[in-house]
Amino acid sequence: KINPDFLYTSDTQLFSEAISMLDRENRIDQLIKIDQLYKGLFLDGFALRNLSEWEEWLFQRREDFKQQFLNAAVELGNHYLKSLEPTLAVPLFTKALNATQDFEPAHDGMIRAYADQGKFSNALHHYNRYADIMRRTFNAPPRPDIQALSESLRKGEYSQSGQNVSDDSFPYSSGMNIQTVAEDEAVKTDIHEEQVSVVTEN
């Protein structure tokens with residue numbers, strides 16, 4: 001039993017507070033806090049048998065927290081790319097891909113982070129890894145804009161992320177609402193899956 005007079009906090013409480021304060025406090029500081037607080041799946045390894053409602057609730061909470069982290073990590077990573085600090089972006093994209101290996105915005109960011117450091121072979125190697133994941137998991141090609149990114153690298157036409165790039169090139173750029181971005185990304189994913197379905201049927 002928890003003593004009601006004892007003041008305590010939890011990581012989930014702090015995480016949710018950081019999400020809710022994104023539009024009220026220094027956004028970058030809150031994104032950093034979200035990254036620091038996310039340690040993996042919510043209640044990972046914890047389960048109660050024969051309680052379907054509990055399992056459904058736990059699954060949804062895990063997915064919600066994970067998606068909020070993914071969106072925050074990519075937004076913060078893209079902020080570092082625009083600030084010409086790609087070495088700070090790499091750990092964020094890596095952590096996001098460790099959470100979900102098929103999260104395309106994180107692959108896009110990782111390729112750019114390598115390229116911005118002049119590590120073009122690493123960038124192309126990561127693109128090939130990403131393309132393989134898409135093929136094996138969805139029997140689908142890479143997203144068209146990421147294909148174009150790889151072509152620019154192969155042809156030596158790549159422009160560093162922080163130079164001459166509008167905010168439109170960064171779907172998770174600072175100032176956008178994470179929930180709105182998540183919904184937009186879901187729409188893009190649905191469109192992409194429809195295209196994949198057509199390719200598969202043919």
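**Exercise 1. A residue between two helices**

Task: Asn139 is partly exposed, with a relative accessible area of 48%; find the loop that holds Asn139 and describe its phi angle.

Solution. Before we start, keep in mind that this is a predicted model.
- Step 1: Take the accessibility. Partly exposed runs between the 20% limit for buried and the 50% limit for exposed, so Asn139, at 48%, falls in the partly exposed class.
- Step 2: Locate the residue. Asn139 sits in the loop between α6 and α7 (144–154).
- Step 3: Read the backbone. The phi of Asn139 is positive, about 50 degrees, although the residue is not a glycine.
- Step 4: Set that against the general rule. Most residues other than glycine have a negative phi.

**Exercise 2. Another positive phi**

Task: What are the phi value, the place and the exposure class of Leu84?

Solution. The steps follow the pattern of the previous exercise.
- Step 1: Phi of Leu84 is near 60 degrees, which is positive in a residue that is not glycine.
- Step 2: Leu84 belongs to the loop between α3 and α4 (86–99).
- Step 3: With a relative accessible area of 45%, Leu84 is partly exposed.

**Exercise 3. The overall plan**

Task: How many helices and strands does the protein have, and what share of its residues is buried?

Solution. Let us zoom out for a moment.
- Step 1: Count the elements. There are eight helices and zero strands, and from the N terminus the order reads α-α-α-α-α-α-α-α.
- Step 2: Turn to burial. Of the 202 residues, 38% count as buried.
- Step 3: Look at the contacts. Among those with a separation of 6 or more, 60% join residues 24 or more positions apart.

**Exercise 4. Aromatic pairs**

Task: How many aromatic pairs does a search of the whole structure find, and how are the rings of Tyr38 and Phe69 arranged?

Solution. The geometry does the work here.
- Step 1: The search of the whole structure finds two aromatic pairs.
- Step 2: In the pair of Tyr38 and Phe69, the ring centres are 4.5 Å apart and the planes lie at 5 degrees. Planes under 30 degrees apart count as stacked, so this pair is stacked.
- Step 3: Tyr38 lies in the loop between α2 (27–37) and α3 (52–82), whereas Phe69 is in helix α3, so the pair ties together parts that are 31 residues apart in sequence.
- Step 4: Tyr38 and Phe69 are both buried.

**Exercise 5. Leu70 in helix α3**

Task: Is Leu70 buried or exposed, and which residues does it touch beyond four places in sequence?

Solution. We go from the helix outwards.
- Step 1: Leu70 is placed in helix α3.
- Step 2: Its relative accessibility is 1%, so Leu70 counts as buried.
- Step 3: Not counting residues up to four places away in sequence, Leu70 touches Ala96, Ala99, Thr100 and Phe103.
- Step 4: Leu70 and Leu97 are 27 residues apart in sequence, and their C-alpha atoms are 8.6 Å apart in space.

**Exercise 6. Ile111 and the partners of α5**

Task: Which residues are in contact with Ile111, leaving aside neighbours within four places in sequence, and how does α5 lie against α6 and α7?

Solution. This one has a few more steps, so take your time.
- Step 1: Ile111 is part of helix α5 (residues 104–116), and at 1% relative accessibility it counts as buried.
- Step 2: Apart from those sequence neighbours, Ile111 is in contact with Ala123, His126, Tyr127, Ile146, Leu149 and Leu153.
- Step 3: Now α6. The axes of α5 and helix α6 (residues 120–138) come within 7 Å and cross at roughly 165 degrees. Angles over 145 degrees count as roughly antiparallel, so α5 and α6 are roughly antiparallel. The contact residues divide into 10 nonpolar, three polar and one charged.
- Step 4: Next, α7. The axes of α5 and α7 are 11 Å apart, at an angle of about 15 degrees, so α5 is roughly parallel to α7. Here Glu104, Asp108, Ile111, Arg112 and Ala115 of α5 meet Ile146, Leu149 and Leu153 of α7. This contact divides into five nonpolar, no polar and three charged residues.
- Step 5: Finally, handedness. α5 passes α6 in a left-handed crossing, and the crossing of α5 past α7 is left-handed.

Terms used
Residues are numbered from 1 along each chain as its sequence is written. This is a predicted model: local features need pLDDT of at least 70, side-chain atom pairs count only at pLDDT 80 or more; totals for chains, interfaces and linings use all residues. Side-chain values use heavy atoms; hydrogens and water are left out. Rings of Phe, Tyr and Trp (its six-membered ring) pair if their centres lie within 6.5 Å; planes under 30 degrees apart count as stacked, over 60 as edge-to-face and the rest as tilted. Helices (H or I, at least four residues) and strands (E, at least two) are DSSP runs, numbered from the N terminus. Buried means under 20% relative accessible area, exposed over 50%, partly exposed in between (1.4 Å probe, protein chains only). Contact means heavy atoms within 4.5 Å. Axes are lines fitted to C-alpha atoms, for helices over the stretch in contact, and angles run from 0 to 180 degrees between N-to-C directions. Angles under 35 degrees count as roughly parallel, over 145 as roughly antiparallel, 65 to 115 as roughly perpendicular and the rest as oblique. A crossing is left-handed if the near helix is turned anticlockwise from the far one by less than a right angle, and right-handed if clockwise. Ala, Val, Leu, Ile, Met, Phe, Trp, Tyr, Cys and Pro count as nonpolar, Asp, Glu, Lys and Arg as charged, and the others, Gly among them, as polar.
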